[in-house]
Amino acid sequence: MKTTEYSVTEINQVIEAMSRLYDIVRLVDAEECRTIMVDEHGNLHYGSECFNVWSADQRCANCSSFQACRTNTSRDKVELFQGKRYQIQSIPISLRLLNATLWSCVMELIKIEEASVPLGNEHDDTVTVDYEYLIDHDELTRLYNMHALNKSIRATIMDHPDTDYLLVCGDISNFKLVNTLFGREKGNEILLGIADVLRQSCTEREVYGRIRGDQFLMLIPKECYHEVDFERGIQQIRGMIQSSRFTLRMHLGVYEITDRNMSIPVMIDRAVIARRTLHETSEHSIAYYTEEMLARQIQEQKVVSEFESALGTQQLRIFLQPQVDIYGHPEGAEALVRWILPNGKMAMPVEFIEVLERSDLICKLDQAVWEMTVMQLAKWKGTPFERLHLSVNVSPKDFYYIDVPNVLDSLCHRYAVSTKKLRVELTETVLADKRCDPVHIVERLQHLGFYVEIDDFGKGFSSLSLLKDIKADTLKVDMEFIRETKNMERSKIILRAIAGMARELGMQTVVEGVETQEQVDWLSSCGYAVFQGFYFSRPIDVEQFETKYKEIW
Ligand code: C2E
Ligand code: MG
Ligand code: MG
């Protein structure tokens, strides 16, 4: 028997709808006896062993999900466990992953009742009524839900084979924040407002509905699509919140249906993929799907799914790039992460840092890097390398999840390393983010004994205004902004002025990205004394670093 196929977007919506009817709704890998979760990026996560909900000793041969999986047909079963009756429906399904492969598992719908309730469940009627309602409509907005959209879109594109269609998927950027800042009521009001905008602007040639949460979907004939109309709708929605603290941004992803035989959920996933390329700070509100977006998404998914095990198997390591004086003698080094893949290849930060930032894993990576760095400082104790300091990078997102000064301080404490030896690089993104309270953070770090460095100074736009309020210890000046410029003379004037300014502010400097002797000569004539760049050394592994400098003292 053919099982029902769900896409990543669809399965979570189905689980959400079913959760209103059942006490437990979950996916299980019945062969492995493990529960599974699918996150919004399409990654599968294994959870607990599934039998731990009830009797551990009756699993597998007796397990309805195991049988459902083996026979590919739905199975029902009642289990008694700890005075409760578990009514389990096990439905084999197929999950279409983002890379288009099909993956089989079982959806378990479980009702829990007191064992004293007689068999032949008397709540069945009410359940049926609710279920029928939920099958086609979204409870809050009364728009079509995913099931109805699926059917209706399929019917529309098949009934009009000569019409070209676009799928438009939209959601609010950071909708969770709306609920947090303004309350759930306001959140619901906005969802209802979006539903009204859709009702008012759609004709009967279009199909529209709510997929889940703040995600809405629309099928529109290509000839009826005008970007300006959608921009206008976005503006209308933006006006639903008048606040200086928060701007309501709706983002849209558009997918043009080219292959009508493709399953609808997969088409929707493509619109969602386009939508995901837009971020809070994106200048555009509408993105159009391209094949490269899919490739990138699959690559990102790979990074996310392999990250945890890479962390556990020491594939993530620190490389050190020396910070040297004019004679090439090191004063310290920056710890930069590298991912050494099992095939021996090395992945660079640019290939994974942003992805990890987007999926909120960066904090784990950074803490691991900080720990490796502090451990290195501890190992150097009693050796000539003891005189060196090491700098670490901090991602803006770290501040949302952990108390960065506290974590760094605890690490130094645990490995008995002086906080003076660990320098903390903060970028403009951190320092300009008022939510992190940067002035206070810098003060706390310094109070604990850390040197604070402003990384990539000159790369951003608000560098100068930062210096007014933030009393950091070191400016790391980025040479990138003078590279490949036609205005070399002007850039030199700026670099010279930065050196003078740092001196007057009592700050040390490090110039990053130094690539030639000529640059070193000129920079030192401006008063710069510490350099970090390929001219002296690329980032190298710890062993190479130690070999390179062991003779120097
Ligand atoms: P960053 O902190 O500004 O690090 C300096 C980057 O400039 C390094 O790239 C380094 O290899 C590169 N660089 C140094 N000298 C030269 C030069 O002479 N010419 C050129 N063209 N480039 C030079 P890398 O290692 O690829 O790191 C890139 C960025 O990734 C870092 O910029 C930092 O923002 C981020 N990053 C690296 N490791 C970590 C980490 O552990 N955590 C976090 N959150 N971010 C990290
Ligand atoms: Mg850095
Ligand atoms: Mg830098």
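**Nonpolar cores and overall build**

In this predicted model, the largest nonpolar core gathers 76 residues, and L426 and Y528 are the ones that touch the most other members. Helix α11, running over residues 362–379, hands this core its largest share, namely seven residues. Looking at Y528 in particular, and leaving aside residues up to four places away in sequence, its contacts are V477, L495, I498, A499, T509, V511 and L523. There is also a second core, separate from that one, with 47 residues; L98, V207, L219 and Y255 are among them.

Zooming out to the whole chain, the secondary structure adds up to 19 helices and 22 strands. The C-alpha trace stretches about 85 × 60 × 40 Å along its principal axes. Of the 553 residues in the chain, 49% are buried. As for how the chain is wired together, take the contacts between residues at least 6 apart in sequence: 65% of these link residues at least 24 apart.

Turning to the outside, the accessible surface of the chain amounts to about 27,600 Å², and carbon and sulfur atoms account for 50% of that area. On the charge side, the tally is 62 positive and 84 negative side chains. The centres of these two sets sit 3 Å apart.

Note on methods:
Residues numbered from 1 in each chain as written. Chains lettered and ligands numbered in written order. Predicted model: local features only at pLDDT ≥ 70, side-chain atom pairs only at ≥ 80, totals over all residues. Heavy atoms only, no water. Helix = DSSP H or I, 4+ residues; strand = E, 2+ residues; numbered from the N terminus. Buried < 20%, exposed > 50% of the residue type's maximum accessible area, 1.4 Å probe, protein only. Contact = heavy atoms within 4.5 Å. Areas by Shrake-Rupley, 256 points an atom, 1.4 Å probe, with all protein chains shown as cover. Lys, Arg positive; Asp, Glu negative; His and termini not counted. Charge placed at Lys NZ, Arg CZ, Asp CG, Glu CD. Core = buried A, V, L, I, M, F, W, Y, C linked by side-chain atoms within 4.5 Å.
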